[in-house]
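Here is a note to read alongside the structure, written as a set of numbered points. Please keep the view open and look up each residue as it comes up.

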Protein chains: 2
Amino acid sequence: MFSETGYAATRLTDIAEAADVKQGSLYYYFDSKDTLVAEMLRVGLQKTHEHVVTAIDALGDQATATARLAAAIHAHAEAVIEAVDYTAANARIVGQLPDELRKRHIRVDQRPYGQLWDGLLSDARAAGEIRDDLDLQTLRLLILGSLNWTVEWPDRAKRSPERVANILIAALFDGITTGDHSVQMQAGA
Amino acid sequence: MFSETGYAATRLTDIAEAADVKQGSLYYYFDSKDTLVAEMLRVGLQKTHEHVVTAIDALGDQATATARLAAAIHAHAEAVIEAVDYTAANARIVGQLPDELRKRHIRVDQRPYGQLWDGLLSDARAAGEIRDDLDLQTLRLLILGSLNWTVEWPDRAKRSPERVANILIAALFDGITTGDHSVQMQAGA
DNA sequence: GTCTATACATCGATAGAC
DNA sequence: GTCTATCGATGTATAGAC
């Protein structure tokens, strides 16, 4: 509901109705709307985290670091596009949260997930599989951002998680250029 | 203000205060909060559009399609990260808008900007500069999404637009891998 | 643990003087 | 064109019965 309606516009009455209780009853479980939202965000990110870890582990010990990275991209795409409702909600409403709530969420909940990704990237670099002239933290944020933003895509542009992930992986790993148009790019700015 | 506080939490009182008038006076210029927001979104996207077009035109006629694409990425990064306040607001609040407002904005305002980008990409493909096995619309949304999401980056991860754009361009154009780890990736999913 | 009822605050919008 | 004053709606939060 938060994913569809947004943080502020989602009323406790609606949430209660969906849970088949009355609005007042929610206060037996939560102190406020904010603690309810915070709990949802926490659970959501945890589920996403688990989903991604499961996908990576499924590859087994022999997988290369880049293969593991690709699996993570697939899994995150699944989470944000369809598999985990909470993840879409996370992506949609982080920008709408009251300041303290957002900061706490980023600091407490998002940090470990970011570290998982940073680990994937630095493993790949350590294995010599990705170049060492790119800022990995920025790269991670760009990758996750491109996937998270799918929640804003117009309906007609929607694609399956597999499709989106494959395109992103192909572009990232192989590059989008045909020959070596790449060099002249580096010169810019 | 919308960029920082969000759509719902930004009060007309605050806006009026920043404009050095009283809240009631705003209604001399706008019929409602929504028309005010709609106008801001329209102007914002227009400014971004112009900023990007200017950057592309500055390259002159001899520039390759990929060079033009790179310039567009730089310019959009500038717009969303620092240059155009409106752009950050756009990125931040599209997900928070009431349904009809958002739909109209995407349909009326965002469409032309999306077409500019699709043009850049299809020109590059026509020139044989980028591969022809990637869905260009999806690629465009992934690129813009990765940049738009920078508004959600934690403060400590913030980078200059040049830095962010260069990393994205390097990754996209050259690929992030060192050798041909790429091939085995394509096999996944 | 869930309900009904209601207090309380907030904020968009309107009215009307100047 | 800008102000002050206020209405009216909405929605979170609380009180208290069952």
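1. A polar contact, as the term is used in this note, is a pair of N or O atoms within 3.5 Å. With that cut-off in hand, please find K33(B), where a backbone N or O atom lies 2.8 Å from a phosphate oxygen of DNA strand C. Keep in mind throughout that this is a predicted model, and that the distances quoted here are computed from it.

2. Consider next the overall build of one protein chain. Chain A has nine helices and zero strands, and from the N terminus on its elements run α-α-α-α-α-α-α-α-α. The C-alpha atoms of chain A fill a box of roughly 65 × 35 × 30 Å along the principal axes, and 53% of the 189 residues of this chain count as buried. Among the contacts in chain A with a separation of 6 or more, 66% are accounted for by residues 24 or more positions apart.

3. How is chain A related to chain B? Chain A can be laid on chain B by a turn of 180° and a shift of 0.0 Å along the axis, with an RMSD of 0.1 Å. The two copies are therefore related as by a two-fold rotation axis. As for the interface, 100% of the interface residues of chain A are also interface residues in chain B, which means that the copies meet through the same surface.

4. Which residues come nearest to DNA strand C? There are 13 residues around this strand, and those that come nearest are K22(A), S25(A), Y29(A), Y27(B) and K33(B), so named from both protein chains. The surface near DNA strand C is made up of five nonpolar, five polar and three charged residues. Of the strand's atoms within 4 Å of the protein, 73% belong to sugar or phosphate, while the rest belong to bases. Besides the K33(B) contact already described, a polar backbone atom of L12(B) is 3.1 Å from a phosphate oxygen of DNA strand C, whereas Q23(B) has a polar side-chain atom 3.3 Å from a base nitrogen of that strand.

5. Turn now to the other strand. DNA strand D is surrounded by 13 residues, of which Y27(A), K33(A), K22(B), S25(B) and Y29(B) are the closest. Of the atoms of DNA strand D that come within 4 Å of the protein, 72% are sugar and phosphate, and the residues of the surface near this strand divide into five nonpolar, five polar and three charged. A phosphate oxygen of DNA strand D is 2.6 Å from an N or O atom in the side chain of Y27(A), and a phosphate oxygen of the strand is also 3.2 Å from a polar backbone atom of L12(A). With Q23(A), the partner is a base nitrogen of DNA strand D, which is 3.3 Å from an N or O atom in the side chain of that residue.

6. Away from the DNA, the interior deserves a careful look. The largest nonpolar core has 85 residues, and those with the most contacts inside it are I73(A), W117(A), I176(A), I73(B), W117(B) and I176(B). Apart from its neighbours within four places in sequence, I73(A) is in contact with residues including W117(A), I143(A), L147(A) and L172(A).

7. Is H76(A), in helix α4 (residues 65–83) of chain A, buried or exposed? It has 3% relative accessibility, and because buried means under 20%, H76(A) counts as buried. The side chains of H76(A) and N148(A) are joined by a polar contact of 2.8 Å. Other residues in contact with H76(A), leaving aside neighbours within four places in sequence, include T48(A), Y113(A) and W117(A).

8. Finally, compare two residues of helix α5, one from each chain. D85(A), placed in α5 (residues 85–93) of chain A, counts as exposed because its relative accessibility is 63%, whereas T87(B), in α5 of chain B, counts as buried at 4%. Beyond four places in sequence, T87(B) is in contact with G44(B), T48(B), A79(B) and V80(B). In α5(B), seven of the nine residues are buried, and these pack against elements of both chains, among them α6 (99–126) of chain A and α3 (33–57) of chain B.

Methods
Residues are numbered from 1 along each chain as its sequence is written. Chains are lettered from A and ligands numbered from 1 in the order in which they are written. This is a predicted model: local features need pLDDT of at least 70, side-chain atom pairs count only at pLDDT 80 or more; totals for chains, interfaces and linings use all residues. Side-chain values use heavy atoms; hydrogens and water are left out. A polar contact is a pair of N or O atoms within 3.5 Å; within protein, one must be able to donate a hydrogen and the other to accept it, and residues adjacent in sequence count only if both atoms are side-chain atoms. Ala, Val, Leu, Ile, Met, Phe, Trp, Tyr, Cys and Pro count as nonpolar, Asp, Glu, Lys and Arg as charged, and the others, Gly among them, as polar. Helices (H or I, at least four residues) and strands (E, at least two) are DSSP runs, numbered from the N terminus. Buried means under 20% relative accessible area, exposed over 50%, partly exposed in between (1.4 Å probe, protein chains only). Contact means heavy atoms within 4.5 Å. A nonpolar core is a set of buried Ala, Val, Leu, Ile, Met, Phe, Trp, Tyr and Cys residues joined through side-chain atoms within 4.5 Å. Copies are superposed by least squares on the C-alpha atoms of residues with pLDDT of at least 70 in both.
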